[in-house]
2 protein chains.
Amino acid sequence: MNTPKILDGKAVAAAVLDECRAETAELLAKGIQPGLAVVLVGADPASQVYVGSKARTCAELGFHSVKIELPAETTQEELLQVVKDLNADPKVHGILVQSPPPKHIDEEAIIRAIDPRKDVDGFHPENVAKLVLEDPTGFVPCTPAGCMKLLEVSGIDTNGAEAVVIGRSMIVGKPMALLLVAKNSNATVTIAHSRSKDLPGICRRADILIAAVGRPEMVKADWVKPGAVVIDVGINRVEDSSKKSGYRLTGDVAYSEVAPLTSAITPVPGGVGPMTIAMLMKNTLQAARQFGV
Amino acid sequence: MNTPKILDGKAVAAAVLDECRAETAELLAKGIQPGLAVVLVGADPASQVYVGSKARTCAELGFHSVKIELPAETTQEELLQVVKDLNADPKVHGILVQSPPPKHIDEEAIIRAIDPRKDVDGFHPENVAKLVLEDPTGFVPCTPAGCMKLLEVSGIDTNGAEAVVIGRSMIVGKPMALLLVAKNSNATVTIAHSRSKDLPGICRRADILIAAVGRPEMVKADWVKPGAVVIDVGINRVEDSSKKSGYRLTGDVAYSEVAPLTSAITPVPGGVGPMTIAMLMKNTLQAARQFGV
C-alpha cells in the first residue's frame with residue numbers, strides 16, 4: 001500500500017483559470033472581450049446548475065457572458081434561430097447549447113448549426129474531424145481536454161504508456177482515445193466498453209486508466225494494476241439517506257478500495273469535474289483569439 | 001499447426017463487384033449512370049497503375065469514368081479549379097485525387113475542396129466526422145472498409161473480440177479502429193504504433209490483428225496468438241534479384257512463419273489490395289444513390 005498522489009482537479013482548474021484571467025486581460029487590452037453564450041432549453045435542475053456555474057466563471061474572468069434560458073416547448077426552428085443569431089453576434093466567440101435538450105429537439109442538427117469557429121464544446125463535425133486529423137485549430141471537447149491537462153500538469157508521461165479508456169461516447173470515450181493516441185501523446189490506447197469481454201483483465205493492463213462509463217463504482221480494486229494512474233470521469237448520483245439531499249456523488253471507480261493501489265487518482269467530486277469548466281473557458285479564449293486576428 | 005483459412009480478397013472483391021454490377025444495372029434502368037472521376041497529378045508509376053486499374057474497373061461495371069491526368073507542374077489553383085468543375089459536373093458522383101500529389105500541392109486543401117457528397121475516398125472532414133459519429137451516410141475510407149467487409153464475409157465475429165490495429169494513419173489505422181469499436185462491430189480495440197512499448201506482447205493479445213504500418217514482414221510468429229485472425233494491409237516493395245522486375249511485394253506480416261499459427265489470414269498480394277478498389281466502387285454507387293434520390 002502506498003499513498004497515491006491525489007490529482008486535485010480543483011487546484012489545477014484554478015491554475016488554468018488564472019492563466020485564462022491573465023490572457024483575458026491581454027485580449028481586453030487589445031479591445032477584445034471574450035464572449036460565451038450558453039443556451040438552456042427547459043428547466044432540468046442539473047443543467048441549471050451547470051449553466052449557472054459556467055456563467056459565474058465567465059463573470060469571474062471578465063468574459064462577456066450571455067445566458068439564454070428557453071422554455072421546454074421551444075421548437076427546433078426557434079432554437080435554430082437563436083443559434084443563428086449568436087453565430088452572427090460579434091460579441092459572442094463561443095456558443096454552447098446545454099445537453100441534453102428536450103426530446104423533440106434534434107440535437108445533432110443544432111450542433112451542426114453552430115458556427116464551427118464558435119463551437120467551444122468541440123461537438124461540431126468540423127471539430128470532430130480536426131481532432132482525428134490532429135489539427136490544433138479545432139476545439140477539443142472539454143472533458144477529455146481536462147483529463148489530458150490534468151495528466152500533463154501532474155507530470156504523468158503518456159509516451160509509450162498503455163492507456164485504457166472505458167467508454168466509447170462521442171463526448172468522452174472516443175475523443176479521449178484520439179487524444180491519447182495522437183503524436184503529441186503517443187500512448188498505446190485500448191477502447192473498452194460494456195460489450196468487452198473480461199473488462200477487469202483489460203483494465204488491469206493499464207498504466208493509465210480512464211473510466212467514462214457512468215456506472216457508479218464499477219471499477220474495483222482487482223481491475224487496477226498496482227501503480228496505475230486512474231482518471232475517473234464518472235459523476236453519478238447515488239441514493240444516500242444519510243445526506244440531506246438524499247444522494248451523494250460518486251465516480252465510476254470504487255475510490256476507497258482502488259486509491260491505495262494507484263500511483264495517482266482523481267477524486268469525485270473535485271477531480272475531472274472542475275477541469276471541464278476550466279477547459280471550456282480556455283476554448284472560449286482560443287475562439288476569441290482565432291476570431292481576433 | 002493447423003491449416004489457416006486464406007482470406008481470399010480477390011474472390012471477395014469479385015463478389016462485391018458482382019453486387020456492384022447488379023446495382024449499376026438497376027440505377028441505369030432508372031436513368032442514373034454512376035460516375036467516378038480520378039485525378040492524377042504527375043507521373044508517379046505506382047499511382048498510374050492504381051489509376052489505370054480504377055478506370056478499368058469502372059468500365060467493367062458500366063460506370064461513367066473520367067480520368068484526368070495533369071502535369072506535375074499543375075498549380076494548386078489549377079487543381080482546385082479541376083475539383084470545382086468536377087463538383088459541378090452532374091455526371092460525376094465520386095471524385096478521387098490520387099495520393100500522393102507533388103510536394104507543392106496542399107493535399108489537405110484539395111480534399112476539403114471536394115464536395116463531401118462526392119468524396120468517395122472518405123477523407124473529407126465531413127466524412128471523417130461521420131465515421132466517428134457512426135453516421136452511415138458518410139463515406140468510409142476504402143481500405144479499412146475493405147478489411148471490415150473481408151471479416152464480415154468470412155464470418156469472423158468482431159463482437160467482444162480483442163482487436164489490435166498497428167498503425168495510426170488517417171487512411172487506415174484510425175478509421176479501422178473507429179470501425180471496429182463502433183456499435184455494429186463491438187470489438188475491444190487497441191491502437192498500437194511505432195512508439196508503443198512491447199509491440200509483440202500487445203499484438204499477442206489480439207483475436208483480430210490488423211497490420212497497417214508499411215514495414216515489410218515486421219509481424220513475426222511470436223507476435224501472434226495461436227488461432228488469431230490476421231489482416232495484412234501492408235503492400236511493400238522489397239528488392240528481389242530473382243524477380244524480373246527486381247522486386248517482390250510483401251506485406252507487414254512475415255507470412256510464411258505467421259500463417260500456420262492463425263485461424264485465418266490475408267495473403268499479400270491478393271488480400272486487402274483488391275478489396276480497396278471494390279469498396280471504392282461501392283462508395284461511388286452509394287454516392288450515385290444518395291444523389292439520385
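**Reading the labels in a predicted two-chain model**

Visitor: Why is S154(A) called buried?
Guide: The relative accessible area of S154(A) is 14%, and buried means under 20%, so the label applies. This is a predicted model, and the value is computed from it. S154(A) sits in the loop between α6 (142-153) and β5 of chain A. Leaving aside residues up to four places away in sequence, S154(A) touches K5(A) and L7(A).

Visitor: What makes S169(A) partly exposed?
Guide: S169(A) has a relative accessible area of 31%. Buried ends at 20% and exposed begins over 50%, so S169(A) falls in between. The loop between β5 (162-166) and α7 (173-181) of chain A holds this residue. Beyond four places in sequence, S169(A) touches K174(A) and P175(A).

Visitor: Which residues of chain A does UniProt place in the feature "binding site"?
Guide: The unreviewed entry gives G167(A), R168(A), S169(A) and I235(A). Such annotations may be inferred rather than shown by experiment.

Visitor: How do you know that α7(A) is largely enclosed by the rest of the structure?
Guide: Nine of the nine residues of α7(A) are buried, which supports that description. Among them are the two residues that S169(A) touches, K174(A) and P175(A). The buried set also includes M176(A), L179(A) and V181(A).

Visitor: Why are α1(A) and α2(A) called oblique to each other?
Guide: Helix α1 (residues 9-29) and helix α2 (residues 45-61) of chain A pack at an angle of about 50 degrees, with axes 9 Å apart. Roughly parallel would need an angle under 35 degrees, and roughly perpendicular runs from 65 to 115. The angle fits neither, therefore the pair is oblique. L17(A), C20(A), R21(A) and T24(A) of α1(A) make the contact with T57(A), E60(A) and L61(A) of α2(A).

Visitor: How do you know that C20(B) is in no disulfide?
Guide: A disulfide needs two cysteine sulfur atoms within 2.5 Å. The nearest cysteine sulfur to C20(B), that of C58(B), is 10 Å away. Over all chains the structure holds zero disulfides. C20(B) counts as buried, at 1% relative accessibility.

Visitor: And what rules out a bond for C203(B)?
Guide: Its closest cysteine sulfur is in C147(B), 15 Å away, which is too far for a bond. C203(B) also counts as buried, at 1% relative accessibility.

Visitor: What makes the relation between chain A and chain B that of a two-fold axis?
Guide: Chain A can be laid on chain B by a turn of 180 degrees with a shift of 0.0 Å along the axis, at an RMSD of 0.0 Å. That is the relation of a two-fold axis. In chain A, T190(A) comes closest to the rotation axis, with its C-alpha at 2.0 Å.

Visitor: How do you know that the copies meet through the same surface?
Guide: Of the interface residues of chain A, 100% are also interface residues in chain B, so the copies use the same surface.

Visitor: Why is E217(A) called partly exposed?
Guide: E217(A) has 28% relative accessibility, which is not under 20% and not over 50%, so the middle class applies. E217(A) lies in the loop between β7 (208-211) and β8 (229-232) of chain A. Its phi is near 55 degrees, a positive value in a residue other than glycine.

Note on methods
Residues are numbered from 1 along each chain as its sequence is written. Chains are lettered from A and ligands numbered from 1 in the order in which they are written. This is a predicted model: local features need pLDDT of at least 70, side-chain atom pairs count only at pLDDT 80 or more; totals for chains, interfaces and linings use all residues. Side-chain values use heavy atoms; hydrogens and water are left out. Copies are superposed by least squares on the C-alpha atoms of residues with pLDDT of at least 70 in both. Contact means heavy atoms within 4.5 Å. Buried means under 20% relative accessible area, exposed over 50%, partly exposed in between (1.4 Å probe, protein chains only). Axes are lines fitted to C-alpha atoms, for helices over the stretch in contact, and angles run from 0 to 180 degrees between N-to-C directions. Helices (H or I, at least four residues) and strands (E, at least two) are DSSP runs, numbered from the N terminus. Angles under 35 degrees count as roughly parallel, over 145 as roughly antiparallel, 65 to 115 as roughly perpendicular and the rest as oblique.
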